Amino acid sequence: MIQAIRYEPGTLWLLDQRRLPAEEAWVACSSVEQVARAIESMVVRGAPAIGIAAAYGVALAARRLAQGVGDAPVQGAAEGAVDRAIRRLADTRPTAVNLHWALARMEERYRRERDAGAGLGELAQALEAEARAIQEEDLAMCRRMAEYGADLLPEGARVLTHCNTGALATGGHGTALGVIRTAWSRGRLRHVWVDETRPVLQGARLTAWELLKEGIPHTLIVDGAAASLMRAGRVDAVLVGADRIAANGDTANKIGTYMLAVLARHHGIPFYVVAPWSTVDPALPSGAHIPIEERNPQEVAGYGEARWAPEASPVANPAFDVTPAELITAIITDRGVLRPPYEEGIARLAAEAGRATSAAPERRG
Ligand code: MRU
């Protein structure tokens with residue numbers, strides 16, 4: 001299984017996604033700042049993977065403190081370092097809510113350990129265990145979603161996907177790509193159309209790389225080819241991931257997703273969003289409130305040192321768009337498949353999650 005995030009006490013190893021598929025190179029992070037920069041520069045990317053990396057970043061902060069001053073009480077000189085780490089990591093990428101979900105969980109664990117009088121060594125161990133639990137739980141959630149999603153596809157399905165939602169973007173297996181993996185292993189899938197996903201090419205570079213490793217039949221297409229493939233009757237379903245889902249089901253995902261949803265509706269093709277509960281933000285009433293990251297114009301205007309657009313042409317580079325809930329056939333979560341009206345399903349799951357948290361506070365780590 002592809003595992004792009006590995007941790008050993010004091011070092012977070014990240015498979016450098018900027019260099020795939022040409023090279024499988026690893027980046028070692030031993031400080032919060034290194035983790036934050038790895039997230040910003042997309043060494044690690046994909047909503048769940050960003051959350052997992054950030055959680056390990058918080059653990060690294062505590063580990064470094066423990067190495068510096070031994071097992072002193074958390075109160076005192078160390079107080080504030082974990083808070084600063086959380087604030088720095090929260091600032092890296094604005095759209096994926098998994099980042100904030102994971103950091104909130106790390107903060108809760110930190111406060112619990114501090115209030116219980118833990119020493120710095122114990123705190124570091126506890127935060128490492130919490131980050132590891134977040135990673136392992138994400139893999140388990142992906143496997144559950146994959147089972148639910150594969151059940152929805154017709155025999156011999158030809159699916160179209162956008163961006164990279166695979167093992168690279170998660171704790172393993174993947175969200176939309178996890179459904180594709182499981183459908184393939186069940187003999188239910190015939191073909192995958194892979195959008196190249198301009199401008200960072202997560203589809204061409206990363207999804208194609210993952211599918212090739214698994215021997216899953218696929219064809220890479222430019223993003224603009226989706227409409228004519230649908231019209232020709234060569235797409236049975238669209239499967240995408242998500243970076244944030246609002247309380248009404250509006251879904252932020254990689255730029256170009258909304259366009260696919262409009263096309264799928266026009267051609268009568270089911271459009272499925274696959275995302276774990278950590279991607280749902282029940283506090284946001286609608287997609288209008290989701291912050292959309294604007295990235296460096298150079299990603300669109302050229303590559304590396306090369307610039308193909310005229311120097312004087314202004315460039316817009318929104319990294320995500322919001323698909324309105326009414327265009328989504330179903331949202332496949334690890335807690336079950338939601339159908340419209342999404343307000344009801346999301347409110348029910350939020351209430352259940354609230355009960356689960358207060359009923360089982362020792363569940364983590
Ligand atoms: O900018 P990225 O590569 O982090 O964007 C990733 C996506 O939009 C994915 O579709 C989303 O995070 C779901 S990943 C399981």
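**Close-up views of a predicted model**

**View A. Proline 199 and its cis bond.** Proline 199 turns up in the loop that runs between β5 (189-195) and α7 (202-214). This is a predicted model, so read every value here as computed from it. Look at the link just before that proline: arginine 198 and proline 199 are joined by a cis peptide bond, with omega at about 5°. For context, most peptide bonds are trans.

**View B. A cis bond at proline 21.** Here we're in the loop between β2 (11-15) and β3 (26-29), which is where proline 21 has its place. The peptide bond running from leucine 20 to proline 21 is cis, and its omega is near 0°.

**View C. Methionine 42 and its positive phi.** Next comes the loop between α1 (32-40) and α2, home to methionine 42. What's the thing to spot about phi of methionine 42? Phi is near 70° there, a positive value in a residue that isn't glycine. As a rule, most residues other than glycine have a negative phi.

**View D. Up close with the ligand.** Three polar contacts are picked out in this view. Arginine 45 brings a polar side-chain atom to 2.8 Å from an oxygen atom of the ligand. Glycine 46 uses its backbone instead, with a polar atom 2.9 Å from a ligand oxygen. As for glutamine 202, an N or O atom in its side chain is 2.9 Å from an oxygen atom of the ligand. How much of the ligand does the protein bury? Taken alone, the ligand exposes 410 Å², and the protein buries 100% of that.

**View E. The shell and the cavity.** The space that the ligand takes up is the largest cavity. Two elements, α2 (47-69) and β9 (251-254), give two or more residues to the shell around the ligand. In total, 18 residues surround the ligand, and the closest are Arg45, Arg93, Asp243, Asn253 and Lys254. By type, the shell splits into seven nonpolar, seven polar and four charged residues. Both domain 1 (5-138) and domain 2 (142-362) chip in, with at least three shell residues from each.

Note on methods: Residues are numbered from 1 along each chain as its sequence is written. This is a predicted model: local features need pLDDT of at least 70, side-chain atom pairs count only at pLDDT 80 or more; totals for chains, interfaces and linings use all residues. Side-chain values use heavy atoms; hydrogens and water are left out. A residue is near a molecule or strand if one of its heavy atoms lies within 4 Å of it. A polar contact is a pair of N or O atoms within 3.5 Å; within protein, one must be able to donate a hydrogen and the other to accept it, and residues adjacent in sequence count only if both atoms are side-chain atoms. Accessible areas come from the Shrake-Rupley method with a 1.4 Å probe; for residues, only the protein chains shown count as cover. On a 1 Å grid over the protein atoms alone, a cavity is a set of points where a 1.4 Å probe fits but cannot get out, and a pocket is an open set with protein on both sides within 12 Å along at least five of seven lines; lining residues have an atom within 4 Å of a point. A molecule sits in a cavity or pocket if more than half of its atoms lie within 2 Å of its grid points. Helices (H or I, at least four residues) and strands (E, at least two) are DSSP runs, numbered from the N terminus. Ala, Val, Leu, Ile, Met, Phe, Trp, Tyr, Cys and Pro count as nonpolar, Asp, Glu, Lys and Arg as charged, and the others, Gly among them, as polar. Domain bounds come from an automatic or database domain assignment.
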